[in-house]
Amino acid sequence: SSRPQLKVHQPECLKQPINVPSKLLMGPGPANSPPRVHQAMLKPLLGHLHPEFIQIMDEVKEGLRYLFQTRSEVVCCVSGTGHAGMDTTMCNLLEPGDVILIAENGIWGERAADMATRHGAAVRTIKKPAGDVFSLDELEAALEQHKPAVLFLVQGESSTGALQPIEGVGLLCQKYNTLLAVDAVASLGGVPFFMDDWGVDVVYTGTQKVISAPPSMAPIAFSHRAMSKVSARQTPIHSFYSDITWLANYWGCDGVPRKYHHTGPVSSVYALREALALVCEESLESLWARHAACAQRLHEGLAALGLQLYISDPAKRVPTVTTIRVPEGMDWMKVTKYFMTKYQVEISGGLGPSAGQVWRVGLMGYNCTVDNVDRVLTIMKEALDQ
Ligand code: PMP
C-alpha cells in the first residue's frame with residue numbers, strides 16, 4: 001500500500017502522569033474554585049441540546065440575570081474567556097466607520113481599542129494616567145465632542161487596580177444616543193453592579209474571577225437598545241462564532257426554537273451553574289461586603305508592613321485587585337518567586353502601565369477570605385524581611 005509511515009511518534013511527555021500541583025491563586029485571576037464547582041465537572045456529559053442540559057443553561061441564565069441585575073432577554077455566555085466577551089461586544093455593536101469612544105486608563109482600554117480598530121470602527125480615546133478614573137463631567141465632555149455610537153468603560157482595571165464608577169454614565173449615554181458597554185471581568189460580584197438601573201447596554205465578565213468557576217466562558221448581556229442596534233445593522237456581523245443573534249438563539253433568549261450554533265462547553269456550564277448557585281446562596285450584598293471587608297483588611301495589613309498602595313484614593317480602588325508599589329530598589333520578582341516556591345501561593349507583578357512597578361494581589365470569590373488575606377500578609381512580611 002502507499003500509506004506513508006508515521007513520522008511523528010507518540011510524545012514521551014504524554015507517557016508521564018499529568019503534573020498539577022495545588023496552588024493558592026491570589027493573583028488577578030484565575031481564582032481557585034470551590035469543591036462543589038470541581039465536582040460538577042465530574043458529572044456525565046450530556047448532549048449540548050439535550051433537554052436536561054438546556055434546563056441547566058436556563059438556570060445559568062437566571063443566575064446571570066441576578067449577577068448582572070438585569071431583566072434583559074439576551075443574557076448568555078460566549079464560549080471563550082473574557083477576551084471573547086470583549087470581541088463579541090465589539091463585533092456586534094460596531095459597523096465599519098462607527099465611532100467608539102474608549103476610556104483608557106490601563107491595558108484593557110488599550111485592548112478594546114485594538115479590537116474595535118480590527119472591526120473597522122473609528123476609535124476615539126480619552127486617557128487618564130494609570131490608576132486614575134474618569135468623572136461624569138469628563139465623560140460627558142467627551143461624549144459631546146465625539147458623539148460616539150458606543151462608549152466603552154472598564155469597571156475594574158485589573159492592570160492598575162482602579163474602580164471606574166458606572167452609575168450615572170448610562171443616563172449621559174442616552175442623552176447622546178450612545179450605547180454603553182462595560183468590561184466587568186475583574187470586578188463583577190466584587191462590587192455593586194446594576195445593569196438595568198445604571199442603563200448599561202452591554203456587559204460581560206469572565207467565569208474565573210469572582211464567580212470562581214474555571215476559565216472557559218464569558219457571560220454577557222445585551223440590553224434591548226443594544227439588540228436594536230444589532231438588528232438595524234447595514235453590514236453582517238463579521239464573526240459567525242460571536243454573532244449575538246446566534247448565541248441568543250442557542251441560549252434560548254429569542255423565543256425561537258434553539259438551533260445548533262456550536263457545541264457548548266458542557267462540563268464548564270455545569271461548573272458555572274454550581275458557582276452561580278453559591279453566589280445566590282450567599283447573596284450579592286454579602287458577596288460585596290465580603291470583598292470590601294477583606295480588601296480593607298489587606299490594605300491595612302500592607303500599610304502596617306510599610307508598603308504603599310499604587311492608588312492613593314481608597315474610593316478609586318477595586319477590592320478584587322490590589323496594586324502594591326514595589327519599594328525603590330527592590331526586585332519584585334524575588335518576592336513573587338518567594339511566595340510561589342516556598343508556599344505555592346501566587347501573587348503577580350504588574351501589567352501594562354504598572355509592569356515592574358507593582359505587585360498585584362487578587363481577592364476574588366472563593367479565595368476572598370480573612371484567612372487568605374492573613375496568609376498573604378504573613379508571607380509578604382517574611383519575604384520583605386529577607
Ligand atoms: N478584562 C479585564 C478587566 C480583565 O481583568 C481580564 C483578565 N485579566 C480580561 C478582560 C480578559 O479576560 P481573559 O483573560 O479571561 O480572556
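Start your tour by selecting helix α7 (residues 224-231), which lies across β2, β8, β9 and β10 and runs at about 110° to β8. Axes here are lines fitted to C-alpha atoms, for helices over the stretch in contact, and angles run from 0 to 180 degrees between N-to-C directions. Two residues are in contact if their C-beta atoms, placed from the backbone, lie within 7 Å. Helices (H or I, at least four residues) and strands (E, at least two) are DSSP runs, numbered from the N terminus.

A word on what you are viewing: this is a predicted model, in which local features need pLDDT of at least 70 and side-chain atom pairs count only at pLDDT 80 or more, while totals for chains, interfaces and linings use all residues. Residues are numbered from 1 along each chain as its sequence is written.

**Just past α7**

Select Arg233 next, in the loop between α7 and α8 (244-250). Is Arg233 buried or exposed? Arg233 is partly exposed, because 14 other C-beta atoms lie within 10 Å. The cut-offs are these: 20 or more other C-beta atoms within 10 Å make a residue buried, 12 or fewer make it exposed, and anything in between is partly exposed, with C-beta atoms placed from the backbone. Now add Leu101 to the selection: it is 132 residues from Arg233 along the chain, and 19 Å separate their C-alpha atoms.

**The seven-stranded sheet**

Now show the strands beneath α7. They belong to an open sheet of seven strands in the order β2-β10-β9-β8-β5-β3-β4, with mixed pairing. Strands count as paired if DSSP finds at least two bridges between them. At the edges stand β2 and β4 (122-127), each pairing on one side only. Look along the sheet and you can follow its twist, which averages 20° from one strand to the next.

Walk across the sheet from the β2 edge. Strand β2 (residues 74-79) is mostly covered, with five of its six residues buried. Six bridges pair β2 with strand β10 (residues 217-222) in the antiparallel sense. To see the pairing, select Cys76 and look for Ile220 opposite it in β10. The next step leads to strand β9 (residues 202-204), which pairs with β10 over three bridges, again in the antiparallel sense. Here Val203 has Ala221 of β10 as its bridge partner.

Another helix belongs in this view. Helix α3 (residues 82-93) lies across β2, β5 (150-154), β8 (179-183), β9 and β10, and runs at about 165° to β9.

**Inside the sheet: β5**

Select β5 now. How many of its five residues are buried? The count is five of five. In a regular strand the side chains alternate between the two faces of the sheet. In β5, Val150, Phe152 and Val154 are buried on one side, and Leu151 and Leu153 are buried on the other.

Phe152 is a good residue to label. On one side, strand β3 (residues 99-104) pairs with β5 in the parallel sense over three bridges, and Ile102 has Phe152 as its bridge partner. Five bridges join β5 to β8, also in parallel, and there the partner of Phe152 is Ala181.

**Two domains**

Colour the chain by domain: domain 1 is 24-31 + 283-385 and domain 2 is 35-280, with bounds from an automatic or database domain assignment. Their centres, taken over C-alpha atoms, are 26 Å apart. Where they meet, 25 residues of domain 1 are in contact with 27 residues of domain 2. On the domain 1 side, α10 (284-304) and β11 (321-325) each supply at least two of the touching residues. That side has 14 nonpolar, eight polar and three charged residues. Ala, Val, Leu, Ile, Met, Phe, Trp, Tyr, Cys and Pro count as nonpolar, Asp, Glu, Lys and Arg as charged, and the others, Gly among them, as polar.

**The three-stranded sheet**

Stay with β11 and show its neighbours: an open, antiparallel sheet of three strands in the order β11-β14-β13. β11 and β13 (348-349) each have a single partner strand, so one side of each is left without a neighbour in the sheet. Five bridges join β11 to strand β14 (residues 358-362), and Thr322 stands opposite Val361 in β14.

**Zooming out**

Finally, show the whole chain, with its 12 helices and 14 strands. Of its 386 residues, 48% count as buried.
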